[in-house]
Amino acid sequence: MIEDFTIRDANISDLTAIVDIYNTTIASRMVTADLEPITVENRIQWFHEHSPAFRPLWVVEDQGVICAWVSFQSFYGRPAYNATAEISIYIHPDFRGRKLGKFLIQKAMDACPGLNIKTLLGFIFGHNEPSIRLFNGFGFEKWAHLPNIAELDGVERDLLILGKRIQ
């Protein structure tokens with residue numbers, strides 16, 4: 001049940017689990033533009049770019065086991081965009097299909113006012129229909145279509161930017 005999940009700010013000791021979950025998505029060529037597994041060392045700087053009060057990185061636990069994570073990242077890195085953040089959600093394969101994505105998007109949207117975020121963005125491959133449906137279900141709209149911007153195993157793929165104003 002969704003009520004059994006605990007969301008908390010990530011600690012550096014969680015980074016191995018975060019990387020492991022991320023790496024489960026690479027082979028599908030649906031979720032990330034990384035083509036090879038990443039390492040914890042690859043993500044240390046990324047981890048430190050997060051902070052609970054500005055750009056949180058949450059882990060989701062089920063009975064003490066990390067089963068998902070949520071990242072808020074700055075858009076474009078300039079101060080005028082501080083009220084805009086990109087959200088990423090990664091769920092361990094054993095926990096997919098249990099409405100956890102819906103739960104986490106709602107939690108992220110609920111947290112936005114306290115984080116001074118007025119706009120949330122999702123960067124999603126055009127062929128990732130499950131994620132597009134998930135975000136569309138929460139009122140995210142296609143704000144940008146970047147055709148053939150990524151190449152995955154010789155196949156060019158589109159990137160969509162889905163956006164939603166939170167207010």
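Let's start with Asn116. Asn116 is exposed, with a relative accessible area of 59%. That counts as exposed because the value is over 50%. Keep in mind that this is a predicted model. Where is Asn116 found? It is in the loop between H3 and E5. Its phi is near 60°, a positive value in a residue other than glycine. Why point that out? Because most residues other than glycine have a negative phi.

Gln63 also has a positive phi, near 55°. Gln63 sits in the loop between E2 and E3. Buried or exposed? Gln63 is exposed, with a relative accessible area of 75%. The two strands around it, E2 and E3, form a hairpin, with two residues between them.

Now the sheet. Seven strands make it up, and the sheet is open. The order is E1-E2-E3-E4-E5-E7-E6, and the pairing is mixed. Which strands are at the edges? They are E1, residues 5–9, and E6, and each pairs on one side only. Neighbouring strands of this sheet are turned by 25° against each other on average, direction ignored.

Let's walk through some pairs. E2, residues 57–62, pairs with E3 in the antiparallel sense over six bridges. E3 and E4 are antiparallel too, over seven bridges. Follow Val70 in E3. Trp58 stands opposite Val70. Val70 also stands opposite Ile89 in E4. Seven of the ten residues of E3 are buried, so E3 is largely enclosed by the rest of the structure.

Further along the sheet, E5 and E7 pair in the antiparallel sense over seven bridges. E7 covers residues 155–165. Here the bridge partner of Ile124 is Leu160, in E7.

Next, two helices on the sheet. H1 packs on the sheet and touches E2, E3 and E4. The direction of H1 makes about 85° with that of E3. H4 packs on the sheet as well, touching E4, E5 and E7. The direction of H4 makes about 160° with that of E5.

On to the pocket. What is the volume of the largest pocket? About 1,200 Å³. Of the 43 residues that line the largest pocket, the closest to its centre are Val31, Ile89, Tyr90, Asn128 and Ser131. We have met Ile89 already, as the residue of E4 opposite Val70.

Which element gives the most to this lining? E4 does, with six residues. Among the elements that each supply at least two residues are H1 (15–23), E3 (65–74), H3 (100–111) and E6 (141–152). E5 and H4 are on that list too. By class, the lining has 24 nonpolar, eleven polar and eight charged residues.

Last stop, His127. His127 lies in the loop between E5 (119–125) and H4 (129–136). Is His127 buried or exposed? His127 is buried, with a relative accessible area of 18%. The word fits because 18% is under the 20% cut-off. What does His127 touch, leaving aside its neighbours within four places in sequence? Its contacts are Arg29, Met30, Leu152 and Arg157.

To wrap up, compare three loop residues. Gln63, between E2 and E3, is exposed. Asn116, between H3 and E5, is exposed. His127, between E5 and H4, is buried.

How values were computed. Residues are numbered from 1 along each chain as its sequence is written. This is a predicted model: local features need pLDDT of at least 70, side-chain atom pairs count only at pLDDT 80 or more; totals for chains, interfaces and linings use all residues. Side-chain values use heavy atoms; hydrogens and water are left out. Helices (H or I, at least four residues) and strands (E, at least two) are DSSP runs, numbered from the N terminus. Buried means under 20% relative accessible area, exposed over 50%, partly exposed in between (1.4 Å probe, protein chains only). Contact means heavy atoms within 4.5 Å. On a 1 Å grid over the protein atoms alone, a cavity is a set of points where a 1.4 Å probe fits but cannot get out, and a pocket is an open set with protein on both sides within 12 Å along at least five of seven lines; lining residues have an atom within 4 Å of a point. Grid points are joined across faces, edges and corners, and a volume is the space filled by probe spheres set on the points. Ala, Val, Leu, Ile, Met, Phe, Trp, Tyr, Cys and Pro count as nonpolar, Asp, Glu, Lys and Arg as charged, and the others, Gly among them, as polar. Two strands pair if DSSP finds at least two bridges between them. Axes are lines fitted to C-alpha atoms, for helices over the stretch in contact, and angles run from 0 to 180 degrees between N-to-C directions.
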